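Here is a short tour for anyone who likes to read a fold with the coordinates open. Have your viewer ready and follow along.

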Amino acid sequence: MSLRLSTVILPVRRWSEGGREQWRHAEALGFHTAYTYDHLSWRTFRDGPWFGAVPTLTAAAAATETLRLGTLVTSPNFRHPVTLAKDLISLDDVSGGRITLGIGAGGNGFDASTLLMGGEEPWTPRERADRFGEFVPLLDRLLTEDSVTHDGTFYSANEARNIPGCVQRPRLPFAVAGNGPRGMKLAARYGQAWVTTGDPKIFETGTPAESRAAIRGQIEKLGKACAELGRDVAGLDKILLTGFTPDRNQPLDSLDAFVDFAGRHAELGITEIALHAPIPDSDFATDQAVFEKIATEALAQLR
């Protein structure tokens, strides 16, 4: 697979105040996919504007023509498979079949605590993994079957109807985020892509070389998970969401820096790299001109 370049547009702008233009500009720059985060709020953006992922992507679908769109990532933290499936089928229809669902188990943070009743504790990592293990197969069924009944440990569905289904057949693609054994098994079985941010254990103190070694190890484990199912790992896209490796945003310092970064990760087997669109006065306050130069010129140097 040849390397693809995508972007992540955080939902922090009003649609009438630059939001619409940002998605259109991503299409004009030639990005393969423009993703957004599916959170209720996120980290340092908690006390500022933050809009919903599904309405944002629906508006983006109407404002663009060829750009693929998606989430990085949706999680069970505040989503239910039945209602999510209905939203996704509608979104896939509005976009004409241009939606990818990035999906992960979720983590601690605002999403994990906002809906808690008094005295409730956030889910443990094990419970998040357990829920994710039920969430993904049920969502797969909901997006491929006209009527689904399910009585599970965490989720239920009683003759949930999803007609006419997705425009993309048999359903829209899943990009499954997961570096543990269970997450990789879900990616191998249900994913059309796998997502990594690198190894979070070495984000603060590791080196770029150590990060690449960790990603190489992740891909090897993904290959074993695929082999157990009789699947060729080469047929699974491998997406790197940047900004969370020890390099942080240094690959966006210049075109040459990015080409070196991207080439080294392509050698590991990464097939798609997603860059955060610049946001002033934030962790993603990269230079807009350099970002656009990378978008329009980097891939030609990597072929």
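The report below goes from the overall build to the barrel, then to the helices around the strands, and ends with a few individual residues.

**Overall build**

Please keep in mind that this is a predicted model. The protein holds nine helices and ten strands. Its radius of gyration is 19 Å, close to the 19 Å that the globule rule gives for 303 residues, so the protein is as compact as a globular protein of that length. If you lay the C-alpha trace along its principal axes, it spans about 55 × 45 × 45 Å.

How much of the protein is buried? Buried residues account for 51% of the 303 residues. The accessible surface comes to about 14100 Å², and carbon and sulfur atoms contribute 49% of that surface. Among contacts with a separation of 6 or more, 74% are between residues 24 or more positions apart.

**The barrel**

In which order do the strands close into a barrel? Eight strands do so in the order 1-2-3-4-7-8-9-10, with parallel pairing. From one strand to the next, the twist averages 25 degrees.

A good place to begin is strand 10, which covers residues 272–276. Five of its five residues are buried. Glu272, Ala274 and His276 lie on one side and Ile273 and Leu275 on the other, so you can see that both faces are covered.

Strand 10 has parallel pairings with strand 1 and with strand 9, and the table sets these beside the pairing of strands 2 and 3.

| Parallel pair | Bridges | One pair of partners |
|---|---|---|
| Strand 1 (residues 4–8) and strand 10 | five bridges | Thr7 and Leu275 |
| Strand 9 and strand 10 | three bridges | Ile239 and Glu272 |
| Strand 2 (residues 33–36) and strand 3 (residues 68–74) | four bridges | Thr36 and Thr71 |Leu275 and Glu272 thus appear twice in this account: both are buried residues of strand 10, Leu275 is the bridge partner of Thr7, and Glu272 stands opposite Ile239.

**Helices around the strands**

Strand 9 and strand 10 also belong to a β-α-β unit, with helix 8 (residues 255–268) between them, and this unit is right-handed.

Which strands does helix 5 lie across? Helix 5, residues 125–144, lies across strand 4 (99–103) and strand 7 (174–177), and its direction is at about 180 degrees to that of strand 7. Helix 7 (residues 208–228) packs on the sheet as well, where it touches strand 8 (193–196) and strand 9 (237–241). The angle between the directions of helix 7 and strand 8 is about 150 degrees.

Helix 2, residues 53–63, is worth a look for its buried residues, which are Ala53, Val54, Thr56, Leu57, Ala60, Ala61 and Ala63. An α-helix has 3.6 residues a turn, so residues three or four places apart point the same way. What do the buried residues of helix 2 pack against? Their neighbours are helix 1 (19–29), strand 2, strand 3 and helix 3 (81–95).

**Individual residues**

Arg131 sits in helix 5. Is Arg131 buried or exposed? Its relative accessibility is 15%, so Arg131 counts as buried. Leaving aside residues up to four places away in sequence, Arg131 touches Trp123, Phe154 and Tyr155.

Next, turn to the loop between strand 6 (156–161) and strand 7, where Pro164 lies. The peptide bond leading from Ile163 to Pro164 is cis, with omega near 15 degrees. Pro170 also lies in the loop between strand 6 and strand 7, and the bond from Arg169 to Pro170 is cis, with omega near 5 degrees.

Two residues other than glycine have a positive phi: Arg248, near 50 degrees, and Asp281, at about 55 degrees. Where do they lie? Arg248 is in the loop between strand 9 and helix 8, while Asp281 is in the loop between strand 10 and helix 9 (288–302). With a relative accessibility of 35%, Arg248 counts as partly exposed. Asp281 has a relative accessible area of 82%, over the 50% cut-off, so Asp281 is exposed.

Note on methods. Residues numbered from 1 in each chain as written. Predicted model: local features only at pLDDT ≥ 70, side-chain atom pairs only at ≥ 80, totals over all residues. Heavy atoms only, no water. Pairing = 2+ DSSP bridges. Helix = DSSP H or I, 4+ residues; strand = E, 2+ residues; numbered from the N terminus. Axes fitted to C-alpha atoms, helices over the stretch in contact; angles between N-to-C directions. Contact = heavy atoms within 4.5 Å. Rg over C-alpha atoms; globule rule 2.2 N^0.38 Å. Buried < 20%, exposed > 50% of the residue type's maximum accessible area, 1.4 Å probe, protein only. Areas by Shrake-Rupley, 256 points an atom, 1.4 Å probe, with all protein chains shown as cover. Right-handed = clockwise from strand over helix to strand, strands pointing away.
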